[in-house]
Amino acid sequence: MKITINNLNKTIELEDDKNYNLMNALLENDIYIDNSCNGKLTCGKCKIKIVEGNVNEITDTEKRLLKKEEIENGIRLSCAVTMCGDVIVETLSENSSIDVLDSGEMPEFEKNFRDGYGICVDIGTTTVCMNLVDLKTGEIIAKNSALNAQTKYGLDVLTRITFEFENENAAKILQHSIVNSMNKLIDRMIVESKIDRKDIKEVDIAANTTMVHMLLGVDARSLGKFPYKPVFTEAKSLMCKDIGLNLDAKLYTLPNVSAYIGADIVAGAYVTDMRNRENTLFIDIGTNGEIVLKTNDKLYCCSCAAGPALEGMNIKCGMRAEQGAIEDVVIDGSNVILQTIGDKPAKGICGSGILAVISEIVRNKIVNKRGRIIDPNSVDDFRKDLVRIVDDKREFMLTDELVITQSDIRQVQLAKGAILSGFIKLLDEEGLDISDLNECIVAGQFGSHLKPSSIVGVGILPYEIESKISYVGNSSLIGAYMCLMNDKIKEEMSALAEDMNYIELSMTKDYDKIFAKAMEFPKER
């Protein structure tokens, strides 16, 4: 059987004549489909247009999740489509490249120069980013990045861990997926820089704990069930060919702290010299919110299960950060001013846009402190143009087609409540008040796109922190680079990981009460 994708001018040939699930067939052939729920028929985002072909009848679930006009135009949910023969389709995504943060603040440090080349890598849940380095000079001579190929098995780590529970040989499948993706990136950099493959001597990798396990082919299921114990946390040294990378080079993975404080956070804490700071907060905001607090003489850390809402997932009109995604919002009277990536027509809203619009909704008192959208018939006239009721449910209108639902707001509340409660509990460990903080350092791909006004406007951090927020970029990648250029830093980073005191929030006193309070939106300044 064949799948012809008209708008991409591409044809996929499938191996035999068995019935195929359309979404799986596309993902396995590197065609991007938004599979937020991993094919569980709940998110309604894996839309595709069936132009021609023999497929199953539309399901009741699709009738519920799709609009009448979409159904009339041949739109289906790809996860619900079974192919019974050749099909011709059109994807609704532009399949555009994702903007990956491949730089950050580089501290001064001693470099040990030597012959050959090295590669430093940051493996995130969503993206993979790598730099090719001339070890004689420390110069970065090539960069490459891509979506993490494991996204086809789930957009967050817990969904991928669930994939391991549900599928035989899943650990090998996940390892092959990420290794194959890395090999392609490495091949491109070798061609671009015109170097000899055999001259690459070392690859150093920073990643969260789950990604390190899956890269090395280690069963990650223990990370998904209580008591959430990783198989290992220490740094690992082996050869690239041991995991399937097409290099005759050493492979080094940076150390982790716990199941959900990984090498990416250890690298960030090292790069920002957290050990020598005082009353400083380091935070990486994403599917998980990882927080490190340095007091006078101690390092504390915790991980908050923020969920994918802050990255645009589990949101009705959410999407990844690609062309046409709303990335900023301002409410000016009765006008909603939208800024989209690439200045393209708005077709959805990404993570930074979600925080911006909800910050504006809070500022304009369109929700109460508990996050309930106000009754449009009980407020100022202009808000009647911004809030509507559909099937007895209130929605805030970005446009006639794009809305923020009450459920969307709840998703963001859960995420921001998780992060803020973690922040509060770490301060409680030393009896510190918010006013005692000297600085808040924000790291990572997602955090780099967030305005301080959005962070505090939603209540992820208190208003008192706004002027103390700074950004360091991809400190995970920078940490991997520093390890590549100085073996002593590898030892120092391992010692730092051992000194980071992990706090399991769910086991702390009155955490449920703190979390519930942290879900409330902030009052006016």
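**Questions on pocket, helices and loops**

Author: By class, 14 nonpolar, ten polar and 18 charged residues make up the lining of the second largest pocket. Please keep in mind that this is a predicted model.

Reader: Happy to. What makes a residue count as polar or charged here, and where does Gly go?

Author: Asp, Glu, Lys and Arg count as charged, and Gly is among the polar ones. The pocket itself holds about 1,600 Å³ of space. Its lining has 42 residues, and those closest to the centre are Gly44, Lys47, Leu65, Lys316 and Cys317. By the class rule, Gly44 is therefore polar, Lys47 and Lys316 are charged, and Leu65 and Cys317 are nonpolar.

Reader: Which helices and strands each supply at least two residues of that lining?

Author: They are helix 2 (60-65), strand 19 (387-390), strand 20 (393-397), strand 21 (403-405) and helix 9 (406-429). Helix 9 gives the most, with four residues.

Reader: Let me turn to helix packing. Why is helix 4 called oblique to helix 5?

Author: The axes of helix 4 (residues 157-166) and helix 5 (residues 170-193) cross at roughly 135 degrees and come within 8 Å. Perpendicular covers 65 to 115 degrees and antiparallel starts over 145, so an angle of roughly 135 degrees falls among the oblique ones. That makes helix 4 oblique to helix 5. In the contact, Arg160, Phe163 and Glu164 of helix 4 meet Ala170, Ala171, Ile173 and Leu174 of helix 5. These residues divide into five nonpolar, no polar and two charged.

Reader: And what makes helix 7 and helix 12 roughly perpendicular?

Author: Again the angle decides. The axes of helix 7 (residues 263-271) and helix 12 (residues 487-499) cross at roughly 110 degrees, coming within 10 Å. The perpendicular class runs from 65 to 115 degrees, so the value fits, and the two helices are roughly perpendicular to each other. From helix 7, Val266, Ala267, Ala269 and Tyr270 take part in the contact, and from helix 12, Ile489, Glu492, Met493, Leu496 and Ala497. The classes are eight nonpolar, no polar and one charged.

Reader: How do you know that helix 11 is oblique to helix 12?

Author: Helix 11 (residues 475-485) packs against helix 12 at about 130 degrees, with the axes 5 Å apart. That angle is outside 65 to 115 degrees and not over 145, so the label is oblique. Gly479, Met482, Cys483 and Met485 of helix 11 make the contact with Asp487, Ile489, Lys490 and Met493 of helix 12. Here five residues are nonpolar, one is polar and two are charged.

Reader: What makes the pair of Arg76 and Glu62 a salt bridge?

Author: The closest N and O atoms of the two residues are 2.7 Å apart. A salt bridge needs a side-chain nitrogen of Lys or Arg within 4 Å of a carboxyl oxygen of Asp or Glu, so this pair qualifies. Arg76 sits in strand 5 (residues 75-77) and Glu62 in helix 2, so the bridge ties together parts that are 14 residues apart in sequence. The structure holds 20 salt bridges.

Reader: Where is Pro227 found, and what kind of peptide bond joins Phe226 and Pro227?

Author: Pro227 lies in the loop between helix 6 (209-215) and strand 11 (236-239). The bond is cis, with omega about 10 degrees.

Reader: What is the phi of Lys194?

Author: Lys194 has a positive phi, about 60 degrees, although it is not a glycine. Lys194 belongs to the loop between helix 5 and strand 10 (200-207).

Terms used. Residues are numbered from 1 along each chain as its sequence is written. This is a predicted model: local features need pLDDT of at least 70, side-chain atom pairs count only at pLDDT 80 or more; totals for chains, interfaces and linings use all residues. Side-chain values use heavy atoms; hydrogens and water are left out. On a 1 Å grid over the protein atoms alone, a cavity is a set of points where a 1.4 Å probe fits but cannot get out, and a pocket is an open set with protein on both sides within 12 Å along at least five of seven lines; lining residues have an atom within 4 Å of a point. Grid points are joined across faces, edges and corners, and a volume is the space filled by probe spheres set on the points. Axes are lines fitted to C-alpha atoms, for helices over the stretch in contact, and angles run from 0 to 180 degrees between N-to-C directions. Angles under 35 degrees count as roughly parallel, over 145 as roughly antiparallel, 65 to 115 as roughly perpendicular and the rest as oblique. Contact means heavy atoms within 4.5 Å.
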